[in-house]
Amino acid sequence: MKIVFLTGAGMSAESGIKTFRDANGLWEGHDVMQVASPEGWQQNPELVLDFYNQRRKQLKEVQPNEGHLAIASLEKEHEVWIITQNVDNLHEKAGSSHIVHLHGELTKVRSVHNEDYVLDWENDLFLGDTDSDGHQLRPHIVWFGEMVPELSRAQEIIRDADLVVVIGTSLQVYPAASLMHDAPYRCPVVYIDPKPSMIYDLIQPLHVIEKGASEGMQQLIQWIANEKFGI
């Protein structure tokens, strides 16, 4: 069975990470447009670099939660893909193999001149850190107003899913929300969230698990074992 997970900020909440905007439009105390937009980068690149340096340091202090580990465990018997809006590396740390980061990755940087020039980067990034041609490096993050290069790959992955599982995101933000258009007709969708909201006008059968990521994944694993979806 091919299971495709769509994960968002709620997936990593139990690990202590705020991976995107909270209810006040802030990200770790910062206006998101100051630290997650091309305009913010142009106005104050040092602030932006420091912000992501702090997020990168935070990654070294947190661990995958039981939800991350449960998703990874499903690879023993199923084809599992993760399409995440999160920029942390907790799915990787948990042992998952097939991960698409729609909004980029904290542990990578890229050239401001060539978006295909991408490097793994674990430590701080400063003004003056450049590519081989002398162009400044920037966080490998998809900022507001920028294209989402991994979207087409994500669309291809979800098109032949047998089961779609949405965790920790209401899929209200485009273009991630558009992925549900690409899920197969009548493919079962499981929505795991402690405070579920209407995620979409789905044509697919929807099963809601009103729990956090860790508890919700344990219930999902039981459902799969019991062949709840008849797949």
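The expected span of a helix is 1.5 Å times one less than its number of residues. Keep that rule handy as you click through this predicted model.

**Stop 1: helix α4**

Select residues 45–59, which make up helix α4. Its 15 residues should span 21 Å at 1.5 Å a residue, and the end C-alpha atoms are indeed 21 Å apart, so expectation and model agree. Now colour the helix by burial. The buried residues are Val48, Leu49, Phe51, Tyr52, Asn53, Arg55, Arg56, Gln58 and Leu59. An α-helix has 3.6 residues a turn, so residues three or four places apart point the same way.

Stay on α4 and show the side chains of Phe51 and Arg55. The charged end of Arg55 sits over the ring of Phe51, 4.7 Å from the ring centre.

**Stop 2: the aromatic cluster**

Keep Phe51 on screen and add Trp41, Tyr52 and Trp143: ring pairs link these four into a cluster. Across the model there are 4 aromatic pairs. One of them is Trp41 with Trp143, a tilted pair at 5.8 Å centre to centre, with 35 degrees between the planes. This pair ties together distant parts of the chain, 102 residues apart: Trp41 belongs to helix α3 (residues 38–43), while Trp143 is in the loop between β8 (137–141) and α7 (151–158).

Are these two tryptophans buried or exposed? Trp41 has a relative accessible area of 10%, so it counts as buried. Trp143 is buried too, with a relative accessible area of 2%.

Next, pick Tyr52 and Trp143. They also form a tilted pair, 6.5 Å centre to centre and with 35 degrees between the planes. Here the link runs from helix α4 to the loop between β8 and α7, with the partners 91 residues apart. Tyr52 is at 0% relative accessibility and therefore buried.

**Stop 3: the parallel sheet**

Switch to cartoon view and find the open sheet of 6 strands. Its order is β5-β4-β1-β9-β10-β11, with parallel pairing. At the edges you'll find β5 (99–101) and β11 (206–209), each pairing on one side only. Neighbouring strands in this sheet are turned by 15 degrees against each other on average, direction ignored.

Zoom in on β1 (residues 2–7) and β4 (residues 79–84): these two run parallel and are joined by 6 bridges. For one concrete partner, click Phe5, which bridges to Ile82 in β4.

**Stop 4: the nonpolar core**

The largest nonpolar core has 22 residues. To find it, select Val4, Leu6, Ile83, Leu102, Ile158, Val164 and Leu179, the members with the most contacts inside it. Elements that give two or more residues to this core are β1, β4, α7, β9 (163–167) and β10 (189–192). Which element gives the most? That's α7, with 4 residues.

**Stop 5: the antiparallel sheet**

Now look for the open sheet of 3 strands, in the order β7-β6-β8, where pairing is antiparallel. Both β7 (118–120) and β8 are edge strands with a single partner, so one side of each is left without a neighbour in the sheet. On average, neighbouring strands here are turned by 45 degrees against each other, direction ignored. Strand β6 (residues 104–111) pairs with β7 over 3 bridges, and Val109 stands opposite Leu119 in β7.

**Last stop: a lysine over a ring**

Finish by selecting Trp223 and Lys228. Lys228 lies over the face of Trp223, at 4.5 Å from the ring centre.

Notes: Residues are numbered from 1 along each chain as its sequence is written. This is a predicted model: local features need pLDDT of at least 70, side-chain atom pairs count only at pLDDT 80 or more; totals for chains, interfaces and linings use all residues. Side-chain values use heavy atoms; hydrogens and water are left out. Buried means under 20% relative accessible area, exposed over 50%, partly exposed in between (1.4 Å probe, protein chains only). Rings of Phe, Tyr and Trp (its six-membered ring) pair if their centres lie within 6.5 Å; planes under 30 degrees apart count as stacked, over 60 as edge-to-face and the rest as tilted. A charge sits over a ring if NZ of Lys or CZ of Arg is within 6 Å of the ring centre and within 35 degrees of the ring normal. Two strands pair if DSSP finds at least two bridges between them. Axes are lines fitted to C-alpha atoms, for helices over the stretch in contact, and angles run from 0 to 180 degrees between N-to-C directions. A nonpolar core is a set of buried Ala, Val, Leu, Ile, Met, Phe, Trp, Tyr and Cys residues joined through side-chain atoms within 4.5 Å.
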